[in-house]
Amino acid sequence: MQFNTFVSSIPDLERCVNAPNLQEVLLEPILLARQGKLTENQVETLAGEALKRGLRPVLVWDILMPERVMNDVCERLKSWNLNQFAAIRVCDPGVAYWLKINFPKMPLQLIVETGNHNFESLLGWCEFFGESLERLILSIELPEEKLIEYCQKLPVACELLGVGQILLFYSPRSLLAEPLAEEEDLNSTLYLEAIAAFEDAPNRHFPTLETIHGTFMFLDKDQFILDKLNGLESAGLHTVRLDLRHLEKNGDVAVDIDNICRQILKNPASLRLNWFKETRAPFFKANRTTALFPKMKSKVADYRNQNCLAEVLTGESGKYVVFQTFRSFDVSQIKSMIMPTGEEIKIPPETIFRNINGEQLSSFTSDQILVTNWIKKAVPGTLLLSKG
């Protein structure tokens, strides 16, 4: 199992040379990478210097592009010497296909971190790109059990984020700064960092970043599984990515990478305890993002019978509730209400039923719209039940 990391300077490369099990470096040009800061000349220089030092330079091309932007980018790339890169890392399937057609000998590393969580989809990419596909970059949302299974079954090498920021939100839109004019888009060096907080959690500060390629919001804790790699290594995980870009110092983005790699091999538990930020691995043991689905499912289906009199359509808190009746009944027949959660609530004695003309009623017909004063917890989908 090897490590790789992002680099942006010669000192970064020097540290990578001294880092055990690290043979590959990731280069992010402004033109092609969502968080890129490097110019074309800087990327070419760093790629050449990486090769001199026995490192494997990989070009990062992870932006998602509409047709206009892709045509422009592909035209500009004609002047680049792509042969100096050991592989190109892509996210957009269209980009991957363009490279396969125009540079069939160039190894591809496909980022499948979103929307590719099942084995069939991953295997499909392997079959489509064939020998051009060198590696799949898997999602951290896959639990360890699935990661092990995929590493064992997939016909290509796999990579996973070992440490780095957890992306919560991405939009190609400019949300922090004034949008750039189209002619400026591919020439800008916009890199704006901020902190975001929410009204219901003002003490949690989420790192937020905007570049020419969009706006990113990250969790306030780092992904960290460097102390849990034994099972993945045994399963054949090829590469663990060490993303230290958010710890940048003086333009270097692989700060202390040599020492970090040594600690991973010697004492990863201690490394976690002394990490620069709080850490977690929210999906590694189990992805429980669907755990609440059964609780969210309506529990009133069994009450839709002859004892069901009406259903809440809408309402405005503190003002009114709107019902639609299912059958004819009198006020005296009403027993209670059942919420979609299954909770039973009583009808307040002061409840008055009126028709849409505002006339107070005590008996009702089928398929009639009724309006009452506000009833607490009477959310849409709540059923009105008879005494049976």
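Two strands count as paired if DSSP finds at least two bridges between them. Strands (E, at least two residues) and helices (H or I, at least four) are DSSP runs, numbered from the N terminus. The model is predicted, and local features need pLDDT of at least 70, side-chain atom pairs count only at pLDDT 80 or more, and totals for chains, interfaces and linings use all residues. Residues are numbered from 1 along each chain as its sequence is written, and side-chain values use heavy atoms, with hydrogens and water left out.

**Stop 1: β9 and β10**

Select β9 (201-211) and β10 (214-224). The two strands form a hairpin with two residues between them. They run antiparallel and are joined by four bridges; Glu210 has Thr215 of β10 as its bridge partner.

Keep β10 and add β7 (157-171). Seven bridges join β7 to β10, again antiparallel, and Gln165 is partnered by Asp222 in β10. Now add β12 (residues 279-280), which pairs with β10 in the parallel sense over two bridges. Gln223 is the residue that stands opposite Arg280 in β12.

Colour β10 by accessibility, where buried means under 20% relative accessible area, exposed over 50% and partly exposed in between (1.4 Å probe, protein chains only). Because 11 of the 11 residues of β10 are buried, the strand is largely enclosed by the rest of the structure.

**Stop 2: the largest pocket**

Stay with β7 and β10, the elements that give two or more residues to the lining of the largest pocket. Pockets are found on a 1 Å grid over the protein atoms alone: a pocket is an open set of points with protein on both sides within 12 Å along at least five of seven lines, a cavity is a set where a 1.4 Å probe fits but cannot get out, and lining residues have an atom within 4 Å of a point. Grid points are joined across faces, edges and corners, and the volume is the space filled by probe spheres set on the points.

The largest pocket holds about 830 Å³ of space. Select Arg34, Glu113, Thr114, Leu167 and Arg241, which lie nearest its centre among 33 lining residues. Which element gives the largest share of the lining? That is β7, with seven residues. By class, the lining has 18 nonpolar, five polar and 10 charged residues. Here Ala, Val, Leu, Ile, Met, Phe, Trp, Tyr, Cys and Pro count as nonpolar, Asp, Glu, Lys and Arg as charged, and the others, Gly among them, as polar.

From Arg34, go to Tyr170: the charged end of Arg34 sits over the ring of Tyr170, 4.7 Å from its centre. The criterion is NZ of Lys or CZ of Arg within 6 Å of the ring centre and within 35 degrees of the ring normal.

**Stop 3: β1**

A second such contact has Arg245 over the face of Phe6, at 3.8 Å from the ring centre. Select β1 (residues 2-6), where five of five residues are buried. Both faces are covered, with Gln2, Asn4 and Phe6 on one side and Phe3 and Thr5 on the other.

Add the two partners of β1. Four bridges join β1 to β11 (residues 239-242) in parallel, with Leu242 as the bridge partner of Thr5. Another four join β1 to β2 (residues 22-27), also parallel, and Phe6 stands opposite Leu26 in β2.

**Stop 4: aromatic pairs**

Rings of Phe, Tyr and Trp (its six-membered ring) pair if their centres lie within 6.5 Å; planes under 30 degrees apart count as stacked, over 60 as edge-to-face and the rest as tilted. The count comes to 14 aromatic pairs.

Select Phe119 and Tyr150: their ring centres are 5.9 Å apart and the planes at 40°, so the pair is tilted. Phe119 lies in helix α5 (residues 119-129) and Tyr150 in helix α6 (residues 144-153), so the pair ties together parts that are 31 residues apart in sequence. Phe119 counts as buried at 18% relative accessibility, as does Tyr150 at 3%.

Next take Phe329 and Phe364, with centres 4.8 Å apart and planes at 50°, so this pair is tilted. Phe329 is in β15 (residues 329-330) and Phe364 in β19 (residues 363-364), so parts 35 residues apart in sequence are tied together. Phe329 is buried at 2% and Phe364 at 3%. Finally, select Tyr97, Trp125, Phe128 and Phe129, which form one aromatic cluster.

**Stop 5: the seven-stranded sheet**

Seven strands form an open antiparallel sheet in the order β17-β16-β21-β13-β14-β20-β18. Its edge strands are β17 (344-345) and β18 (353-354), each pairing on one side only. At the β17 edge, two bridges join β16 (residues 334-338) to β17, and Met337 has Ile345 as its bridge partner.
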